[in-house]
Amino acid sequence: MTGSPGSPGVGPRRVAVLSADWGMPGSEAGFAARVLAGAASRLGPVDVFGPWDPGRRADGAFDPQGIGRPPPGRRWPPEGAPREQGPYRAVLVDGNDAHAVTLAASIAPRAPVLGIGGRTLAGMAACLDLLPTSGPVAGRIAVGLQVPVHVLASERPHLELGPVGDYLLVLSDRSPAASDPATPPEPVAWLVARHPRRHTVLVENGMASVWRSRSCLRRFGVHTRMDLWRLVAHARATVDLGPGPLFGRECVESVRYGVPVVVPVGSGAEGLAQAGAALRVDGTAALLDAVEALDEPATADRLRRAGAALDRWTGEPVLLVHRLAEALDNAGLSSRSPEPGWSS
Amino acid sequence: MGMTTSSRGAAAGGVPAGGVPAGEVPAEGRPASGAPMAPPRLLSRPAAPAPLPPPLAQSEQVGTLHRRWAQLHGAAASASPATGPPAPRVAPDPPRVPGVRAKVRAKVATAAAGVQQADRAVTGDLIRAVDLLAHRIDEITARVVDLEALVQEVVDTVSEDLARVQVALGGPG
C-alpha cells in the first residue's frame with residue numbers, strides 16, 4: 001500500500017511486513033501485524049508479504065503480496081524463494097516466527113528486523129512490545145497497540161442474557177474439538193460450584209452459557225464481535241482462561257471497558273498484569289481466591305485505575321503512530337545501519 | 001468461541017501450574033502436595049425457579065365463563081313474570097273451563113321448566129367447581145414455585161459449603 005503522508009515532522013519510512021497470519025480470523029499475530037501496518041502506513045509506504053501464491057491480492061487498505069506457498073507442515077516457503085524487494089527502513093515480522101526473520105534477510109538484507117510482540121529472536125534488531133513492560137528492557141521497544149472497542153456496547157447488555165444482573169464472564173481456553181456444552185472447563189465448574197448464587201457466563205466456541213446454582217440456565221449464540229463486547233462491557237470481571245499468545249486481545253478489550261481481568265500466570269496477557277491492570281493466578285484454587293478478591297471495591301478500583309492508565313498504550317492511534325515512528329528511527333541503529341540510499 | 005477462543009487451542013493457556021511470582025493472589029488452604037480433586041459435578045437441569053405464571057382464576061377463559069353465565073341468568077330472570085315489566089290492565093275474560101289441549105300444554109310447560117331449572121343448577125355447580133379448581137391450581141402453582149426457590153436455596157447453600165470444604169481439603173489444583 002502506498003501510505004499517506006506522515007505526520008508533520010516525521011519523514012516517510014518504507015516498511016515491509018512479513019506475516020503468515022495476515023487475514024486469519026482470530027489470530028492475534030495477524031491482528032497485531034495489521035494494526036502496526038496501518039500505523040506504519042501513516043509514516044510511509046508499507047509492503048505486506050505472506051505465504052500465498054505469488055502476486056498481489058486485494059485486501060482493503062493493503063494489497064499483500066504472496067511469496068509462494070509453504071510446503072506441508074510449514075508456515076513459509078523455503079528460504080531464498082523471495083528476492084530482494086528494495087530498500088526498507090525496517091521489516092516487521094511476527095515476534096515468535098524465526099523463519100520469518102530468515103526470510104526478512106532475503107527480502108531486505110540490510111534492514112533491521114523488528115519482531116511484533118513475542119520473543120526477541122536471533123537476527124532481530126528488537127521486539128516491539130504490544131503492551132508496556134515494567135521499565136526499559138534491552139532489545140525491546142514498547143510501542144503499544146490500538147485495540148478498538150465500540151463505546152455503544154456499554155449502553156445495554158446482551159439481549160439474550162435475560163434477567164441476569166451481576167455476572168462473571170469466563171472466556172474458555174478449549175478448542176472446538178475438546179469442548180462439551182454439558183461440561184464446562186474444570187475451572188468454570190469450580191467457579192460455578194464455589195459461587196452458586198452468582199451468574200457465571202461462559203463463552204466458548206461462539207456460544208455463551210449462563211450458569212447459576214450449579215446448573216446451566218440458558219445458552220445463546222455470540223455471533224459478532226459486538227455481541228462479545230456487550231458481554232464484556234457489562235461483566236463484573238472477566239476471567240480469560242487462555243489469553244491470546246501475544247497480548248490477550250479480549251483481556252485488553254475488557255480493560256478498555258473498565259472491567260477487571262484475571263489471567264493465568266505466564267500468558268500472553270502478562271503485560272496487563274505487570275501494568276497492574278489484571279490479577280494473575282497460577283491455578284484454579286488461586287482463581288477462586290482472585291474472584292473473591294474482586295469483591296473488595298478497593299481491589300477492583302485499583303485494577304480499573306491501572307487499566308485506564310493503559311489507554312494511551314492500547315486506545316490512542318495517534319500515539320501509536322508516534323511511538324512506531326520513534327521505534328523505526330531508533331531500531332537497528334545499534335545493530336544495523338539503515339539501508340544505503342535511504343533518507344528519512 | 002467463534003472469534004475469540006476458537007482461535008486459541010488448548011495449548012494456548014488454561015490455568016497452568018507453576019510458581020507464583022510476587023504480587024499474585026495466593027492459593028490459601030491448600031496442602032503442598034496431593035493430587036487435585038475432580039471438578040465438582042454440575043446439575044443437568046436448571047435449579048432456578050421458573051417465573052410464576054399469571055393466576056388461572058383471573059384468566060380470560062374463567063372470566064368469560066362468569067360473564068356468559070351472568071348474561072344467561074339475567075335474561076332468564078327478566079323473562080320470568082315475577083321480575084318482568086307490569087302487564088297492561090285489560091278486562092278479564094269470563095272464566096272458562098280448560099280443555100284437554102290446554103291441560104296437556106300446561107303439564108308440558110311445567111315439566112320443561114323443571115328441566116331448565118335443573119340445567120341451570122348444574123351449570124352453576126360447574127362454574128363454582130371451575131372456580132374452586134382454578135384457585136386450587138393457583139395455590140399449588142405458588143407452592144411449586146416456592147419449592148423451586150427452596151431447592152435453589154438448598155443447592156446454593158450445600159454447593160457453597162461443599163466447595164469450601166473441598167478447597168480447604170486441597171480441592172482444585
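Contact, as the word is used here, means heavy atoms within 4.5 Å. The structure described below is a predicted model, with an ipTM of 0.71 and a pTM of 0.78. Chain A contains an open sheet of seven strands and an open sheet of eight strands, and helices α3 and α4 of chain A both have contacts with strands of the seven-stranded sheet.

**Confidence of the prediction**

- Chain A has an average pLDDT of 86, and 90% of its residues score at least 70.
- In chain A the pLDDT stays under 50 over residues 1-11, a stretch for which the model has 23 contacts beyond four places in sequence, and it is likewise below 50 over residues 334-344, where 28 contacts are found beyond near neighbours in sequence.
- Chain B has an average pLDDT of 76, with 68% of its residues scoring at least 70; over residues 1-32 of chain B the pLDDT is below 50, although this stretch has 96 contacts in the model beyond near neighbours in sequence.

**The eight-stranded sheet of chain A**

- The strands of this open sheet follow the order β3-β4-β2-β1-β5-β6-β7-β8, and their pairing is mixed.
- Strands β3 (55-56) and β8 (140-142) of chain A stand at the edges, and because each has a single partner strand, one side of each is left without a neighbour in the sheet.
- Within the sheet, β1 (residues 15-18) and β5 (residues 90-94) of chain A pair in the parallel sense over four bridges, and A:Val15 stands opposite A:Ala90 of β5(A).

**The seven-stranded sheet of chain A and the helices on it**

- This open sheet, also of mixed pairing, runs in the order β12-β11-β10-β9-β13-β14-β15.
- Its edges are taken by β12 (215-221) and β15 (278-281) of chain A, each of which has a single partner strand, so one side of each lacks a neighbour in the sheet.
- Neighbouring strands of this sheet are turned against each other by 20 degrees on average, with direction ignored.
- Strands β9 (residues 167-171) and β13 (residues 237-240) of chain A pair in the parallel sense over four bridges, and the bridge partner of A:Leu171 in β13(A) is A:Asp240.
- Helix α3 (residues 186-194) of chain A packs on the sheet, where it touches β9, β10 (199-204), β11 (207-212) and β12 of chain A, and its direction makes about 170 degrees with that of β9(A).
- Helix α4(A) lies across β9, β10, β11, β12 and β13 of chain A and runs at about 135 degrees to β9(A).

**Helix pairs in chain A**

- The axes of α4 (residues 225-233) and α5 (residues 249-256) of chain A come within 10 Å and cross at roughly 55 degrees, which makes α4(A) oblique to α5(A); the crossing is right-handed.
- To this contact α4(A) brings A:Arg225, A:Leu228, A:Trp229 and A:Val232, while α5(A) brings A:Arg249, A:Glu250, A:Glu253 and A:Ser254; by class, the residues of the contact are three nonpolar, one polar and four charged.
- The axes of α1 (residues 28-40) and α10 (residues 317-330) of chain A come within 9 Å and cross at roughly 80 degrees, and α1(A) and α10(A) are therefore roughly perpendicular to each other.
- The contact of α1(A) with α10(A) is made by A:Val35, A:Leu36, A:Ala39 and A:Ala40 of α1(A) and by A:Leu320, A:Val321 and A:Leu324 of α10(A), and it has seven nonpolar residues, no polar and no charged ones.

Conventions:
Residues are numbered from 1 along each chain as its sequence is written. Chains are lettered from A and ligands numbered from 1 in the order in which they are written. This is a predicted model: local features need pLDDT of at least 70, side-chain atom pairs count only at pLDDT 80 or more; totals for chains, interfaces and linings use all residues. Side-chain values use heavy atoms; hydrogens and water are left out. Axes are lines fitted to C-alpha atoms, for helices over the stretch in contact, and angles run from 0 to 180 degrees between N-to-C directions. Helices (H or I, at least four residues) and strands (E, at least two) are DSSP runs, numbered from the N terminus. Angles under 35 degrees count as roughly parallel, over 145 as roughly antiparallel, 65 to 115 as roughly perpendicular and the rest as oblique. A crossing is left-handed if the near helix is turned anticlockwise from the far one by less than a right angle, and right-handed if clockwise. Ala, Val, Leu, Ile, Met, Phe, Trp, Tyr, Cys and Pro count as nonpolar, Asp, Glu, Lys and Arg as charged, and the others, Gly among them, as polar. Two strands pair if DSSP finds at least two bridges between them. pLDDT is the predictor's confidence in each residue, from 0 to 100.
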